Amino acid sequence: MGDESLPNVSAQEDNNTQAFIEGQQGARARYGRFNLAIVGNTGVGKSSLVNAIFGRNLAKVGRGLPVTQGIHYYSDAALGVWDFEGFEIGAAQSPGAQLRQNLELIAKRPQEEQISVVWYCIASTADRLTVPDIEMIQALHASGLPVILVLTKVDWTKNPLNGQRKAPRPVEDFRDWLLNPHDGERPIFLPVQDVVLTSTADRHGKGSGHGLGDLLALTLELSPEDEKDAFRIAQRLNLKWKRDMARPVVTAAAAAAGAAAAVPIPIADAIVLAPIQLGMMGRISVIYDIELQTMLSATAIAQLGAQLSGQALARSLVKLVPVVGSAVNSTVAVALTMAMGESWMRLCERVHSGKLDLSKIEDHLGDFLPRLPDVLKHLAKGRSR
Ligand SMILES: Nc1nc2c(ncn2[C@@H]2O[C@H](COP(=O)(O)OP(=O)(O)O)[C@@H](O)[C@H]2O)c(=O)[nH]1
Ligand SMILES: [Mg+2]
């Protein structure tokens with residue numbers, strides 16, 4: 001039995017591509033975009049932080065839209081960053097008033113651009129807050145935004161015996177003051193949710209930074225419920241969050257494939273399962289924030305789909321006719337889809353963590369294809385036991 005026995009290949013490829021793209025679009029619409037505002041003077045390390053947490057170079061996140069003096073909005077599908085930099089001190093209006101005005105301007109923009117959380121960045125080498133800092137933090141709070149005070153470029157020292165890191169004493173003192181700010185006896189109203197110490201490199205500009213996990217966890221906690229998934233997608237550091245989002249997508253697709261095969265499907269028609277599996281892959285690639293569409297041509301996606309599911313599935317089943325019988329039943333459809341989903345997650349994780357180059361993805365598909373024969377043999381064994 002050759003390829004001739006399979007349904008029209010190019011129509012099927014179109015179907016597969018369509019299913020993949022619809023899976024992506026559906027997931028994007030569902031998860032939306034996470035918007036961060038990052039405030040601080042030039043050079044405090046804002047861009048470095050965004051790069052470390054979101055794996056994006058700000059300058060390359062979309063087109064920096066100069067919204068107004070000193071403010072840029074950068075966005076792509078999953079992330080929007082409002083970059084607040086360089087308020088004019090000594091201008092007619094105080095920095096607090098300027099910020100209030102800018103926040104009003106932002107509030108008039110579309111829903112998908114609205115700020116969820118603010119990182120207010122101060123160099124950890126500073127030893128005090130300025131009056132404009134305090135005014136600006138109060139203005140952010142007054143407009144209902146949760147503010148995290150981030151002390152950047154902390155020069156940690158590492159204890160060579162137990163590996164524990166310690167921030168310099170003045171930085172610890174500064175943090176203590178920030179958590180209980182006062183001017184002599186008089187308390188200062190500083191409405192921040194918490195103070196986080198971070199670095200994105202060591203003093204030699206090397207290493208991967210520290211304190212970023214705390215900033216990540218706190219940002220997620222402060223995000224509105226319906227933006228949490230978008231944040232989990234936009235960030236780069238916590239793979240478990242992505243895995244936890246992807247697993248139910250796999251389970252749902254497996255259930256759908258099982259239902260589609262409730263009346264066993266003749267092997268030659270098994271590629272009717274492909275759109276279900278391709279839709280699943282599209283959704284998962286969004287969770288891992290992998291832009292397959294921009295990196296791969298439609299033809300490549302179609303080939304990918306054909307390779308991963310439909311035809312590969314049909315061919316391996318044909319080869320295994322003596323093992324599984326002549327039709328795909330629910331159990332087989334569920335097991336195959338689960339295995340495919342797990343493989344696709346592994347592949348996405350490799351791309352996401354930079355261990356696999358997306359442009360070479362096709363060369364590596366073989367390594368990640370679910371071992372269909374193994375899955376089937378396993379099932380057959382289970383049945384005969
Ligand atoms: N040592 C050290 N240097 C940093 C750190 N974060 C940023 N820098 C450096 O500080 C400079 C300004 O950083 P950048 O992220 O562009 O600041 P921005 O102007 O606030 O966006 C760059 O030269 C960075 O390499 C850090 O955690 N430690
Ligand atoms: Mg910058």
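Before we start, a sorting rule: Ala, Val, Leu, Ile, Met, Phe, Trp, Tyr, Cys and Pro count as nonpolar, Asp, Glu, Lys and Arg as charged, and the others, Gly among them, as polar. This is a predicted model, where local features need pLDDT of at least 70, side-chain atom pairs count only at pLDDT 80 or more, and totals for chains, interfaces and linings use all residues. Residues are numbered from 1 along each chain as its sequence is written, chains are lettered from A and ligands numbered from 1 in the order in which they are written, and side-chain values use heavy atoms, with hydrogens and water left out.

**Exercise 1. Describe the surroundings of ligand 1.**

Step 1: Sort the shell by class. You should get 2 nonpolar, 8 polar and 5 charged residues.

Step 2: Pick out the nearest ones. A residue is near a molecule or strand if one of its heavy atoms lies within 4 Å of it. Of the 15 residues around ligand 1, those that come nearest are Gly-43, Lys-46, Ser-47, Ser-48 and Thr-200.

Step 3: Look for polar contacts (pairs of N or O atoms within 3.5 Å; within protein, one must be able to donate a hydrogen and the other to accept it, and residues adjacent in sequence count only if both atoms are side-chain atoms). An oxygen atom of ligand 1 is 3.0 Å from a backbone N or O atom of Gly-45. Asp-202 has a backbone N or O atom 3.1 Å from a nitrogen atom of ligand 1, and for Ala-201 a polar backbone atom is 3.4 Å from a nitrogen atom of the ligand.

Step 4: Check the cover. On its own, ligand 1 has 580 Å² of accessible area (Shrake-Rupley method, 1.4 Å probe; for residues, only the protein chains shown count as cover), and the protein covers 66% of it.

**Exercise 2. Place Lys-46 in the fold.**

Step 1: Find its element. Lys-46 lies in helix H2, residues 46-54. Helices (H or I, at least four residues) and strands (E, at least two) are DSSP runs, numbered from the N terminus.

Step 2: Buried or exposed? Buried means under 20% relative accessible area, exposed over 50%, and partly exposed in between (1.4 Å probe, protein chains only). Lys-46 has 3% relative accessibility, so it counts as buried.

Step 3: Follow the side chain. One of its polar atoms lies 2.9 Å from the backbone oxygen of Gly-40.

**Exercise 3. Explain why strand S5 is largely enclosed, and find its partners.**

Step 1: Count. In S5 (residues 117-123), 7 of the 7 residues are buried, so the rest of the structure largely encloses this strand.

Step 2: Split the sides. Val-117, Trp-119, Cys-121 and Ala-123 point one way, while Val-118, Tyr-120 and Ile-122 point the other way. That's the usual pattern: in a regular strand the side chains alternate between the two faces of the sheet.

Step 3: Find the partners. Two strands pair if DSSP finds at least two bridges between them. S5 pairs with S1 (residues 34-39) in the parallel sense over 4 bridges, and Leu-36 has Val-117 as its bridge partner. S5 and S6 (residues 147-152) also run parallel, joined by 6 bridges.

Step 4: Trace the crossover. From S5 the chain passes through helix H4 (residues 131-142) to S6, and this β-α-β crossover is right-handed (with the strands pointing away from the viewer, the path from the first strand over the helix to the second runs clockwise).
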